[in-house]
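Good morning, colleagues. Please turn to the sequence and the structure, which I shall now bring up; my subject today is charged side chains.

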Amino acid sequence: MIGDHRDLHRVDRRQRQMCIRDRLHNHPEEHEIYVLSGKARIFNDKGEEFIAGPGDVLFVPPNEKHGYENLGGEIFAFLCIIPILEKK
């Protein structure tokens, strides 16, 4: 690769099947979520929750415990944009 690598990000397409709930988990990096389809409840360990649907964008701070629960009758699909952290 050529140039400065400090602003590199990875984009993953992820999906959750109907009626699936993820356990609380966290990551060392922040990430942004762009919802493609479906409807889900996004929750954290502080008791906050949000309902997300197509076109919504969510920000998850570094190390925040969070999870997803598919609420609809279709697959909850989203893009997860994650910065690539420098190895120290």
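Allow me to begin with a term: a residue is called buried when its relative accessible area is under 20%. Please also bear in mind that this is a predicted model.

Glu 64 has a relative accessibility of 16%, and therefore counts as buried. Its side chain meets that of Lys 46 in a salt bridge, at 3.4 Å from N to O. This pair links distant parts of the chain, 18 residues apart: Glu 64 lies in the loop between strand S5 and S6, whereas Lys 46 lies in the loop between S3 and strand S4. Lys 46, for its part, is exposed, with a relative accessible area of 59%.

How many salt bridges does the structure hold? There are 3.

Let us turn to Arg 41. With 13% relative accessibility, Arg 41 counts as buried. Arg 41 forms a salt bridge with Glu 49, where the closest N and O atoms are 2.9 Å apart. Glu 49 is partly exposed, at 47% relative accessibility.

Arg 41 also meets the side chain of Glu 69 in a salt bridge, at 3.0 Å from N to O. Here, too, distant parts of the chain are linked: Glu 69 belongs to strand S6, residues 66–70, and Arg 41 to strand S3, residues 40–44, with their positions 28 residues apart. Glu 69 is partly exposed, its relative accessible area being 24%.

Which residues are joined into one network by salt bridges that share partners? They are Arg 41, Glu 49 and Glu 69.

Definitions and conventions. Residues are numbered from 1 along each chain as its sequence is written. This is a predicted model: local features need pLDDT of at least 70, side-chain atom pairs count only at pLDDT 80 or more; totals for chains, interfaces and linings use all residues. Side-chain values use heavy atoms; hydrogens and water are left out. A salt bridge is a side-chain nitrogen of Lys or Arg within 4 Å of a carboxyl oxygen of Asp or Glu. Buried means under 20% relative accessible area, exposed over 50%, partly exposed in between (1.4 Å probe, protein chains only). Helices (H or I, at least four residues) and strands (E, at least two) are DSSP runs, numbered from the N terminus.
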